[in-house]
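The following exercises ask the reader to work through one protein structure. Each task is followed by a solution in steps.

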Amino acid sequence: MTEESPPEQRAVPLKTIDLNPRNLRGLAHPLRMRLLSSLRIDGPATASQLAQRLSESSGATSYHLRQLAEYGFVEDAPERGKGRERWWRSTHDSTMFDDSLTRDANPEVRAAANWYQHQVATYYAQSLSTWIGTRDEWPQEWVDSSDMSDSLLRLTPELTSALRDEFRELVHKYRSLAPDPGSPRSAMVHVHTYLFPRKPSADD
């Protein structure tokens with residue numbers, strides 16, 4: 001499973017970080033995931049700026065940024081610094097989650113992996129809810145081009161894997177077609193996909 005939220009679409013390859021039993025523990029806090037998401041989507045910022053964005057104290061954002069840095073998720077952005085300000089940036093554009101973490105021999109790793117996936121799912125749901133609540137602030141052409149739909153297909157695991165891979169290839173194709181940042185009528189677009197089996201009901 002991958003989670004992507006690069007600050008800008010661009011033709012260069014995405015920088016990806018693989019989650020493992022050690023660095024997964026570094027994300028095991030809701031505020032850290034929000035901080036990392038903000039840096040990846042909105043770009044470099046100071047602890048004070050992030051505190052304002054997320055309605056948190058600067059002391060809390062400073063502490064959790066240092067923890068994220070210890071695990072390799074964020075780093076200093078010295079070119080942005082002015083005087084004593086410390087700017088932070090994400091070290092990567094994309095996070096790769098290996099489902100084997102949910103089957104790790106260590107129960108603490110399994111618990112962290114499950115917690116992480118639930119947090120990501122919650123973030124996806126919040127993003128969609130935010131769109132529904134604010135879409136009247138967007139031009140009608142954006143509302144018309146958006147989509148919220150679901151489908152049920154009868155597939156084998158092999159066909160499901162093939163469908164997943166085709167989705168990923170399609171997303172990568174459109175990333176390569178992206179206009180330059182700041183181009184008129186362009187915006188960052190969330191693309192969420194879910195593929196999972198459904199247990200049959202009594203009527204199936």
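A salt bridge is taken here as a side-chain nitrogen of Lys or Arg within 4 Å of a carboxyl oxygen of Asp or Glu. The model is a predicted one, and a search of the whole structure finds six such salt bridges.

**Exercise 1. Overall architecture**

Task: Establish how many helices and strands the protein has, and in which order the elements run.

Solution:
- Step 1. The protein has seven helices and six strands.
- Step 2. Read from the N terminus, the order of the elements is β-β-α-α-β-α-α-β-β-β-α-α-α.
- Step 3. Along the principal axes, the C-alpha atoms fill a box of roughly 65 × 50 × 35 Å.
- Step 4. Buried residues make up 25% of the 204 residues of the protein.
- Step 5. Among contacts with a separation of 6 or more, 64% join residues 24 or more positions apart.

**Exercise 2. Salt bridges between parts of the chain**

Task: For the salt bridges of Asp42, Glu75 and Glu141, identify the partner and the elements that are linked.

Solution:
- Step 1. Asp42 pairs with Arg53 through their side chains, at 3.9 Å from N to O. This pair links distant parts of the chain, since Asp42 belongs to helix α2 and Arg53 to helix α3 (residues 47-54), 11 residues apart. Asp42 is exposed because its relative accessibility is 51%, and the exposed class lies over 50%. Arg53, at 35%, is partly exposed.
- Step 2. In the salt bridge of Glu75 with Arg89, the closest N and O atoms are 2.9 Å apart. Glu75 is in strand β4 (residues 74-76) and Arg89 in strand β5 (residues 87-90), so the bridge ties together parts 14 residues apart in sequence. Both residues are partly exposed, Glu75 with a relative accessibility of 33% and Arg89 with 26%.
- Step 3. The side chains of Glu141 and Arg185 form a salt bridge with an N to O distance of 2.9 Å. Glu141 lies in helix α6 (residues 140-145), whereas Arg185 lies in the segment after α7 (157-176); the pair therefore ties together parts 44 residues apart in sequence. Glu141 is partly exposed at 40%, and Arg185 is exposed at 64%.

**Exercise 3. The largest nonpolar core**

Task: Determine which residues have the most contacts inside the largest nonpolar core, and which element gives the core its largest share.

Solution:
- Step 1. The largest nonpolar core holds 26 residues, and those with the most contacts inside it are Leu19, Leu27, Phe73 and Tyr116.
- Step 2. Helices α2, α3, α4 (58-70) and α5 (107-134) each contribute at least two residues to this core.
- Step 3. The largest share comes from α5, with six residues.
- Step 4. Leu19 shows how the core is connected: leaving aside residues up to four places away in sequence, Leu19 touches Leu24, Leu27, Phe73, Thr95, Met96, Phe97, Leu101 and Tyr116.
- Step 5. As a general background, nonpolar side chains in soluble globular proteins tend to be buried together.

**Exercise 4. The crossing of α2 and α5**

Task: Describe the geometry of the crossing of α2 and α5, and state which residues make the contact.

Solution:
- Step 1. The two axes, of α2 and α5, come within 11 Å and cross at roughly 50°. Helix α2 is therefore oblique to α5.
- Step 2. The crossing of α2 and α5 is right-handed.
- Step 3. From α2, the contact is made by Pro30, Met33, Ser37 and Ile41; from α5, by Trp115, Tyr116, Gln119, Val120 and Tyr123.
- Step 4. Pro30 sits in helix α2 (residues 30-42) and is partly exposed, with a relative accessible area of 40%. Beyond residues up to four places away in sequence, Pro30 touches Trp115 and Gln119.
- Step 5. Pro30 and Gln119 are 89 residues apart in sequence, while their C-alpha atoms are 7.5 Å apart in space.

**Exercise 5. Backbone angles**

Task: Explain why the phi values of Ser55 and Arg185 deserve a note, and locate both residues.

Solution:
- Step 1. Most residues other than glycine have a negative phi.
- Step 2. Ser55 is not a glycine, yet has a positive phi of about 55°. Ser55 is in the loop between α3 and α4 and is exposed, at 66% relative accessibility.
- Step 3. Arg185, likewise not a glycine, has a positive phi of about 70°. Arg185 is placed in the segment after α7 and is exposed at 64%.

Definitions and conventions. Residues are numbered from 1 along each chain as its sequence is written. This is a predicted model: local features need pLDDT of at least 70, side-chain atom pairs count only at pLDDT 80 or more; totals for chains, interfaces and linings use all residues. Side-chain values use heavy atoms; hydrogens and water are left out. Helices (H or I, at least four residues) and strands (E, at least two) are DSSP runs, numbered from the N terminus. Buried means under 20% relative accessible area, exposed over 50%, partly exposed in between (1.4 Å probe, protein chains only). Contact means heavy atoms within 4.5 Å. A nonpolar core is a set of buried Ala, Val, Leu, Ile, Met, Phe, Trp, Tyr and Cys residues joined through side-chain atoms within 4.5 Å. Axes are lines fitted to C-alpha atoms, for helices over the stretch in contact, and angles run from 0 to 180 degrees between N-to-C directions. Angles under 35 degrees count as roughly parallel, over 145 as roughly antiparallel, 65 to 115 as roughly perpendicular and the rest as oblique. A crossing is left-handed if the near helix is turned anticlockwise from the far one by less than a right angle, and right-handed if clockwise.
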